[in-house]
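User: I'm at the bench with a new structure in front of me, and I'd like to understand how each label on it is earned. Please take me through the reasoning.

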Amino acid sequence: MKILFISLGCDKNLADSETMLGLLASRGYQIVDTEENADVIIVNTCCFIHDAMEESIETILQMAEYKKSGSLKALIVTGCMAERYREEITKEIPEVDAVLGTASYGHILDALDGALAGQSYLKMEPLDTLPLVNTHRMVTTGGYYAYLKIAEGCDKHCTYCIIPKLRGNFRSVPMEHLLWEAKQLADDGVKEIILVAQETTLYGKDLYGEKKLPELLRRLCKISGIRWIRILYCYPEEITEELIQTIKEEPKICHYLDLPIQHASDDVLKRMGRRTSKEELIHIISRIREEIPDITLRTTLITGFPGESKEQHEELMDFVDEMAFDRLGVFTYSAEDGTPAAQMPDQVEESVKEARRAELMELQQEIAFDQAEQMIGREVLVMIEGKVADENAYVGRTYKDAPNVDGLIFVNTDTELLSGDFAKVRVTGACEYDLIGELM
């Protein structure tokens, strides 16, 4: 039986996909990479914003064509869009044989059995269910880094966000399960573990009565084979002094934090339902940089939120200029059905959203260029990800670069390196590095 698995959306969705792939592989199914060869196609969907939902719909419809031609035995839809639009999918796309919600991906083998038997299969576990699947994950990221999803759901209920309705309330994965999974990944050759969740910094509060991310990090650092640990999705208001000191003291933890702040105007932040003010953001960022001077800070912003004035946009521009984030992404506001923000007055025109986004990204490019110039002459450690064809150069990432969201760098050397190697390099240009030492 040949199965094509298509994973859309975020890295948290990818972690679910890799768990499902592990279950399928344990049954002996062959995973293929083209739809033409597939007996079964599984699409793990996203619908966080409008563009993601459109991509999910288009992908499902494209795969459904193979069902019509008779070459495809089963089409299965899972993930966020399946959770949100289960009825619409089953009614309007009859080629879909099985639908699994966000808390039901552990039932993928049952769904496949039902679909192949010609039965319609629909499984929607309660949203507060926490799937804990004991299987050997099939890592799809290339083998040397992997995402470790430490929690599911979110309690924040920001006014623009649909996630709590798709993923439920915040639920931490028990620490022993995470350590078992991380050990398994390390045994498979993974050298960088990237912690993800809707919010990583609140980890453990629901299970243990207090935040346990620092303890989890310290225990992960003891796993042999893991060289880097990276933390994404850290809500600023949940960052504690203990967390800062843990990052500072543990050599395996990358001096890198992803802080999704979304805006800097107090009025906009309040209407977004965020828990921080501009003054508090400045204090948190300053404290992190004071304790960890070489920290790389990434953030994401939303432009064109309902009611955002020109003055508030300029305030955000000034804030970005002052804070000089190392990495920054900007999204235009997407009105999602079922969220309070979608019903707010003074919705901003798309052209204005896009113009404001462009202004922020242009400013960030200037900041990034200045920071790249300041790096010249420094020595850093790089994880090698591959060789440049027909050149004496390799591509890699420093601690400052998370996969897929940040950039790659180029290492010039005649020395043969392998993917997954760590190399000590000297910065010679904006993205140019020379090898000065190799660490296997």
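## Spaces and packing

Analyst: Happy to! Let's begin with the largest cavity: its lining divides by class into 9 nonpolar, 3 polar and 5 charged residues. Please keep in mind that this is a predicted model.

User: How do you know how many cavities the whole structure has?

Analyst: A search with a cut-off of 30 Å³ or more finds 2 of them. The largest holds about 210 Å³ of space, and 17 residues line it, with T19, Y105, P131, H177 and E181 closest to its centre. Helix 1 (11-26), strand 8 (151-152) and helix 7 (175-187) each give two or more residues to that lining.

User: What makes the space a cavity and not a pocket?

Analyst: The test is whether a 1.4 Å probe that fits inside can get out; in a cavity it cannot, whereas a pocket is open. The second largest cavity, with about 40 Å³ of space, is the other one.

User: Which residues line the second largest cavity?

Analyst: Its lining consists of N13, D16, M20, N44, T78, G79, G101, T102, Y105 and R167. Two elements, helix 1 and strand 4 (74-79), give two or more residues here, and helix 1 has the largest share, 3 residues.

User: How do you know how many residues of that lining are nonpolar, polar and charged?

Analyst: Met and Tyr count as nonpolar, so M20 and Y105 go there. Asp and Arg count as charged, so D16 and R167 go there. Gly counts as polar, so G79 and G101 sit with the polar residues. The tally is 2 nonpolar, 6 polar and 2 charged.

User: Now for the pockets. What volume does the largest pocket have, and which residues lie nearest its centre?

Analyst: Its volume is about 1300 Å³. There are 50 lining residues, and C10, K12, F48, Y233 and F331 lie nearest the centre. Among the elements that give two or more residues are helix 1, helix 2 (50-69) and strand 14 (327-332). By class, the lining has 26 nonpolar, 13 polar and 11 charged residues.

User: What gives the most to the lining of the second largest pocket?

Analyst: That is helix 14, with 9 residues. The pocket holds about 680 Å³ of space, and of its 30 lining residues D326, R327, A368, Q371 and A372 are the closest to the centre. The lining divides into 15 nonpolar, 6 polar and 9 charged.

User: Why is helix 12 called roughly parallel to helix 13?

Analyst: Helix 12 (residues 278-291) and helix 13 (residues 310-323) pack at an angle of about 10°, with axes 12 Å apart. Angles under 35 degrees count as roughly parallel, so helix 12 earns that name against helix 13. The crossing is right-handed.

User: Which residues in helix 12 and helix 13 meet?

Analyst: From helix 12 come K278, L281, I282, I285 and R289, and they meet E315, F319, E322 and M323 of helix 13. By class, the contact has 5 nonpolar, no polar and 4 charged residues. Lys, Arg and Glu count as charged, so K278, R289, E315 and E322 make up the charged group.

Definitions and conventions. Residues are numbered from 1 along each chain as its sequence is written. This is a predicted model: local features need pLDDT of at least 70, side-chain atom pairs count only at pLDDT 80 or more; totals for chains, interfaces and linings use all residues. Side-chain values use heavy atoms; hydrogens and water are left out. On a 1 Å grid over the protein atoms alone, a cavity is a set of points where a 1.4 Å probe fits but cannot get out, and a pocket is an open set with protein on both sides within 12 Å along at least five of seven lines; lining residues have an atom within 4 Å of a point. Grid points are joined across faces, edges and corners, and a volume is the space filled by probe spheres set on the points. Helices (H or I, at least four residues) and strands (E, at least two) are DSSP runs, numbered from the N terminus. Axes are lines fitted to C-alpha atoms, for helices over the stretch in contact, and angles run from 0 to 180 degrees between N-to-C directions. Angles under 35 degrees count as roughly parallel, over 145 as roughly antiparallel, 65 to 115 as roughly perpendicular and the rest as oblique. A crossing is left-handed if the near helix is turned anticlockwise from the far one by less than a right angle, and right-handed if clockwise. Contact means heavy atoms within 4.5 Å.
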